[in-house]
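This report describes how selected helices pack against one another and how the nonpolar interior is organised. The sequence and the coordinates come first, and the description follows.

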Amino acid sequence: MYKFVLDADATIKLAKAGLLQRLSENAKCMLPTLAYDEVMKGKEKAHADAIITEALVINSKITVVDIETEQLPKLGKGESGVLELFKQLRCAAVISDDRQFISTLELQNINFMTSTDTIVWLFKSGTLERANANAALEKIKYTVSGKAYQKAKKGLEAD
C-alpha cells in the first residue's frame with residue numbers, strides 16, 4: 001500500500017473535492033500534528049473539510065504523527081514536519097499544493113503530487129470513475145492553479 005504525507009493545504013482541498021476518504025481507503029495517509037492542527041482551525045467555523053478530516057483521524061483512516069523538527073528556512077512549521085515525516089517513514093510521496101514547498105521538494109528530488117495530481121492518480125489506479133474524478137476536480141477548480149487544473153483535465157482524458 002502506498003504511503004503519503006499530506007500538508008494542510010492538500011488535505012483541505014482533497015476534503016473539499018470529496019476525495020480525502022477515498023484516498024485514505026487506498027493509501028496510508030499521514031499528517032504531522034502541526035499540519036493537522038492547521039486543518040482543525042477550520043472546525044471553529046464549521047468548515048466541512050475540518051470535520052471530514054477529524055472523522056477520518058478518529059476512525060484511524062488518517063494517522064496524525066507527532067514529530068519534532070526544526071522549522072526550515074522558507075517553510076512553515078507544518079511543511080517542515082511534512083518533510084521530516086516523509087524522510088523518516090520513506091513514503092511514496094508528499095501531497096501538497098504549496099508552491100514554495102514544492103520548490104523545496106523539487107530541489108531535494110522528493111516525490112510529490114498536488115491535489116489535482118492525486119485526483120488523476122485515483123482515477124488511473126482504478127479507484128475512481130472518470131465522471132467522479134471530473135466532478136471532484138470541478139469542486140476545487142478555483143483553489144488550484146489554472147495550469148494544474150488543465151494538466152489534470154488532460155490526465156483524466158487519457159486512457
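## Helix packing and nonpolar cores

Helix α1 passes helix α3 in a right-handed crossing, in what is a predicted model. The axes of α1 (residues 8-16) and α3 (residues 33-40) come within 8 Å and cross at roughly 45°. Because an angle of 65 to 115 degrees would be needed for roughly perpendicular and one under 35 degrees for roughly parallel, α1 and α3 are oblique to each other. On the α1 side the residues that meet α3 are A8, T11 and I12, and their counterparts in α3 are A35, E38 and V39. Sorted by class, this contact of α1 with α3 holds four nonpolar residues, one polar residue and one charged residue.

Helix α1 also packs against helix α4 (residues 48-58), and here the two axes come within 9 Å and cross at roughly 100°. That angle makes α1 roughly perpendicular to α4. T11, I12, A15 and K16 of α1 make this contact together with D49, I52 and T53 of α4, and by class the contact of α1 with α4 has three nonpolar, two polar and two charged residues. The table sets out the axis values for both pairs.

| Helix pair | Axes come within | Crossing angle |
|---|---|---|
| α1 and α3 | 8 Å | roughly 45° |
| α1 and α4 | 9 Å | roughly 100° |

Turning to the interior, the largest nonpolar core has 37 residues, and those with the most contacts inside it are F4, L6, L20, L23, I95, I119 and W121. Helix α7 (residues 115-124) supplies the largest share of this core, namely five residues. When neighbours within four places in sequence are left aside, W121 is in contact with Y2, F4, L23, N26, A27 and M113.

A second, separate core consists of 13 residues, among them V5, L75, C91 and F101. Where does C91 lie along the chain? C91 is placed in the loop between α5 (77-89) and β4 (93-95). C91 counts as buried because its relative accessibility is 8%, whereas the cut-off for that class is under 20%. Not counting residues up to four places away in sequence, C91 touches K3, V5, M30 and F86; of these, V5 is also included in the second core. The C-alpha atoms of C91 and F4 are separated by 5.6 Å, although the two residues are 87 residues apart along the chain. F4 itself is listed among the residues with the most contacts inside the largest core, while C91 is included in the second, separate one.

Technical notes:
Residues are numbered from 1 along each chain as its sequence is written. This is a predicted model: local features need pLDDT of at least 70, side-chain atom pairs count only at pLDDT 80 or more; totals for chains, interfaces and linings use all residues. Side-chain values use heavy atoms; hydrogens and water are left out. Axes are lines fitted to C-alpha atoms, for helices over the stretch in contact, and angles run from 0 to 180 degrees between N-to-C directions. Helices (H or I, at least four residues) and strands (E, at least two) are DSSP runs, numbered from the N terminus. Angles under 35 degrees count as roughly parallel, over 145 as roughly antiparallel, 65 to 115 as roughly perpendicular and the rest as oblique. A crossing is left-handed if the near helix is turned anticlockwise from the far one by less than a right angle, and right-handed if clockwise. Contact means heavy atoms within 4.5 Å. Ala, Val, Leu, Ile, Met, Phe, Trp, Tyr, Cys and Pro count as nonpolar, Asp, Glu, Lys and Arg as charged, and the others, Gly among them, as polar. A nonpolar core is a set of buried Ala, Val, Leu, Ile, Met, Phe, Trp, Tyr and Cys residues joined through side-chain atoms within 4.5 Å. Buried means under 20% relative accessible area, exposed over 50%, partly exposed in between (1.4 Å probe, protein chains only).
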